[in-house]
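Work through the exercises below with the coordinates open. Each task is followed by a stepwise solution.

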Amino acid sequence: MGNKIKKFNQRKHKQSANQSVNKRRRQLHPKVWEQLLESKIDHIEYPGGRSRKTCRLHLTNGSAVIASQRNSQKHLNTEATVLKTVGDHGGNVPRLIKSDHKRLLVQQNIDGIRLSQALQTDTTDYFHQLLSNTIESLATIQKIGSDYQLDQELSVIGNHKQWIIDLLNRPAVIGHHFKCPAPMPELDKLLALFTVKTPRFVKWDARPGNAIVRADKKVLWFDWEHAGTRNRLDDLVWLLGDEFVANYPDLETRMLDDYLPEFADHFSLNKARDYFYAFGVFHSTVRLGLILSNKGNKPWWNLQYCLDGDKVGVTLDQAQSVCLRASRWSQQTGMTKCLAPWFVEISDILESL
């Protein structure tokens with residue numbers, strides 16, 4: 001994919017940039033973790049692959065913990081603050097075990113599978129239950145964070161005018177690349193809608209790959225280094241707009257009816273619904289750009305490979321799913337309705353890649 005899409009995804013969502021940095025850095029020597037924990041390590045696992053700076057440490061006493069090296073002290077401080085604040089007040093997050101001033105953090109190991117893997121089911125009742133548990137968990141975490149001052153303690157995310165303008169320009173960039181120009185939505189209205197007047201605590205990177213489903217179907221959220229404050233609805237968009245979440249329009253509508261009030265904050269329900277769909281449309285273009293920039297000119301990836309390593313969903317099915325959901329969401333508000341057929345055209349173009 002073109003440099004513009006790659007640069008945007010690296011700048012705005014950090015994921016691709018962080019992975020590239022991690023690949024250039026060597027894993028820490030086990031003794032570093034042993035000194036921090038004051039315990040001996042039996043062996044180490046790398047659930048996301050050795051390119052990630054997170055691993056599972058199996059200690060000689062039979063226990064296991066998750067150890068991470070964050071890219072900055074700010075990221076570490078953010079994560080430690082969230083885990084401590086939310087965990088101490090009953091939120092579904094791992095327990096913070098230890099952190100230091102060298103960007104090292106150790107947290108509780110949670111037995112289970114990633115939500116992105118658990119959602120790959122043909123049983124819609126189970127799918128519904130999983131997503132319901134997930135959304136309830138996320139809403140509770142947000143409320144705890146706001147109740148205990150995280151709205152004031154964490155940095156505001158994505159609320160600069162230029163950031164929002166860049167986001168609104170995503171369809172034009174993708175359209176230019178494919179020589180399929182995107183129609184012009186109502187940019188002034190969208191800019192006003194996406195500008196957050198009262199930032200609230202959000203996870204931000206609330207995609208299913210950052211949640212664990214335990215055997216009792218309880219869902220816990222991890223990887224909080226990019227948390228901050230913005231619009232609570234953003235977390236719902238990140239979750240339901242992810243490429244690993246299947247398209248079930250009727251189920252999605254029921255879930256929004258049930259849970260939108262939990263995330264609406266100061267919006268009316270009608271305005272919250274408009275925000276969800278509109279922001280979801282442009283977030284979908286970011287996910288699509290991330291998929292395409294990872295694919296480049298190479299073949300599509302294997303789905304199981306993506307799921308097992310918590311990779312971006314670089315498969316034709318996932319890319320088309322993002323497009324078709326974005327087309328459906330575009331139709332839900334007049335501000336984005338003109339983009340609905342364009343997303344279908346892009347989906348068709350993907351067949352030829």
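**Exercise 1.** Which side chain does the side chain of Arg287 join in a polar contact of 3.0 Å?

*Solution.* Keep in mind that this is a predicted model.
- Step 1. Locate the residue: Arg287 belongs to helix H13.
- Step 2. Check its exposure. Its relative accessibility is 4%. Buried means under 20%. Arg287 therefore counts as buried.
- Step 3. Name the partner. The side chain of Glu243 makes the 3.0 Å polar contact with that of Arg287.

**Exercise 2.** Classify the aromatic pair formed by Phe194 and Phe282, and place it in the chain.

*Solution.*
- Step 1. Count the pairs. The model holds 14 aromatic pairs.
- Step 2. Take the geometry of this one. The centres of Phe194 and Phe282 are 6.1 Å apart, with 75° between the planes. Planes over 60 degrees apart count as edge-to-face, so Phe194 and Phe282 are an edge-to-face pair.
- Step 3. Place the partners. Phe194 is in helix H10 (residues 187–194) and Phe282 is in helix H13 (residues 269–295). With these positions 88 residues apart, the pair links distant parts of the chain.
- Step 4. Check burial. Phe194 and Phe282 are both buried.
- Step 5. Widen the view. Ring pairs join Phe194 and Phe282 with Phe267, Tyr275 and Phe279 in a cluster.

**Exercise 3.** Which rings have Lys203 and Lys295 over them?

*Solution.*
- Step 1. Lys203 lies over the face of Trp224, 5.0 Å from the ring centre.
- Step 2. Lys295 places its charged end over the ring of Trp300, at 5.1 Å from the centre.

**Exercise 4.** What is the strand order in the open sheet of three strands, and why is one side of each edge strand left without a neighbour?

*Solution.*
- Step 1. The order is S6-S8-S9, with antiparallel pairing.
- Step 2. Strand S6 (113–114) and strand S9 (219–221) are at the edges. Each has a single partner strand, so one side of each has no neighbour in the sheet.
- Step 3. Strand S8 (residues 211–213) pairs with S9 over three bridges. Val213 is opposite Val219 in S9.
- Step 4. Add the helix. H6 (residues 124–147) lies across S8 and S9, at about 45° to S9.

**Exercise 5.** Describe the open sheet of five strands and the helices on it.

*Solution.*
- Step 1. Its order is S1-S2-S3-S5-S4, paired antiparallel.
- Step 2. Strand S1 (41–45) and strand S4 (96–99) are the edge strands. From one strand to the next, the twist averages 25°.
- Step 3. Helix H3 (residues 30–37) crosses S1, S2, S3, S4 and strand S5 (104–108), at about 70° to S5.
- Step 4. Helix H4 (residues 73–88) packs on the sheet and touches S4 and S5, at about 25° to S5.

Definitions and conventions
Residues are numbered from 1 along each chain as its sequence is written. This is a predicted model: local features need pLDDT of at least 70, side-chain atom pairs count only at pLDDT 80 or more; totals for chains, interfaces and linings use all residues. Side-chain values use heavy atoms; hydrogens and water are left out. Rings of Phe, Tyr and Trp (its six-membered ring) pair if their centres lie within 6.5 Å; planes under 30 degrees apart count as stacked, over 60 as edge-to-face and the rest as tilted. Helices (H or I, at least four residues) and strands (E, at least two) are DSSP runs, numbered from the N terminus. Buried means under 20% relative accessible area, exposed over 50%, partly exposed in between (1.4 Å probe, protein chains only). A charge sits over a ring if NZ of Lys or CZ of Arg is within 6 Å of the ring centre and within 35 degrees of the ring normal. A polar contact is a pair of N or O atoms within 3.5 Å; within protein, one must be able to donate a hydrogen and the other to accept it, and residues adjacent in sequence count only if both atoms are side-chain atoms. Two strands pair if DSSP finds at least two bridges between them. Contact means heavy atoms within 4.5 Å. Axes are lines fitted to C-alpha atoms, for helices over the stretch in contact, and angles run from 0 to 180 degrees between N-to-C directions.
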